[in-house]
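Here's a quick walk through one protein model, written for someone who would rather look than wade through tables. Keep the 3D view open as you read.

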Amino acid sequence: QAAMVESGGGSVQAGGSLTLSCTVSGGTFNNNWMGWFRQAPGKEREGVAAFRVGSDVRPYYADSVKGRFTISQDKTKASLYLQMDSLQPEDTAMYYCAGGPSLTTFTAVGGSRFVFNWGQGTQVTVSS
């Protein structure tokens, strides 16, 4: 089973940028979906961005991050990235890298229960 380790979180001021990284080892997600969730205190975990591995299907972005976040992959390094620009206080959350069987893993209410495995998360804090 693949192991996933996130890094790159931190504290920034509103309007700043961060790039999150996720290193995958011990497995692949070919023909499945990979992406990022986030969970703020007292809120449900939500999918923010995802793509289908090995496909040209357009990546998914939650409306709240569309135009500000960019998901990408480095196949040679088995790594996944989330470039986050124009960060706002409402982006403050723990961010998790994840793999799942379909897009609905990341978009449906309760879809996160279908995630194959989770990393430990990386904290992003945005101050106003």
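Below are the disulfide, the nonpolar cores and a couple of individual residues.

This is a predicted model, so local features need pLDDT of at least 70 and side-chain atom pairs count only at pLDDT 80 or more, while totals for chains, interfaces and linings use all residues. Residues are numbered from 1 along each chain as its sequence is written, and side-chain values use heavy atoms, with hydrogens and water left out.

**The disulfide**

How many disulfides are there? Just one, taking a disulfide as a pair of cysteine sulfur atoms within 2.5 Å. It joins cysteine 22 to cysteine 97, with S to S at 2.1 Å. The link is left-handed, at -75 degrees about the S-S bond. Cysteine 22 sits in strand β3 (residues 18–25) and cysteine 97 in strand β9 (residues 93–100), so the bond ties together parts 75 residues apart in sequence. Strands here are DSSP runs of E, at least two residues, numbered from the N terminus.

Here is how four residues score for accessibility; buried means under 20% relative accessible area, exposed over 50%, and partly exposed in between (1.4 Å probe, protein chains only).

| Residue | Relative accessibility | Class |
|---|---|---|
| Cysteine 22 | 0% | buried |
| Cysteine 97 | 0% | buried |
| Threonine 122 | 10% | buried |
| Serine 86 | 37% | partly exposed |

**The cores**

A nonpolar core is a set of buried Ala, Val, Leu, Ile, Met, Phe, Trp, Tyr and Cys residues joined through side-chain atoms within 4.5 Å. The largest one has 29 residues, and those with the most contacts inside it include Met34, Trp36 and Tyr95. Strands β3, β4 (33–39), β5 (46–52), β7 (69–74), β8 (79–84), β9 and β11 each supply at least two of its residues. The largest share, four residues, comes from β3. A second, separate core of seven residues includes Trp33, Phe37, Ala50 and Tyr96.

Take methionine 34: leaving out residues up to four places away in sequence, it touches Val24, Ile71, Leu80 and Phe106, among others. Contact means heavy atoms within 4.5 Å.

**Two more residues**

Threonine 122 lies in strand β11 (residues 122–127). Its side chain reaches the backbone nitrogen of glycine 9 at 3.0 Å, a polar contact being a pair of N or O atoms within 3.5 Å; within protein, one must be able to donate a hydrogen and the other to accept it, and residues adjacent in sequence count only if both atoms are side-chain atoms.

Serine 86 is in the loop between β8 and β9. Its phi is near 50 degrees, a positive value in a residue other than glycine.
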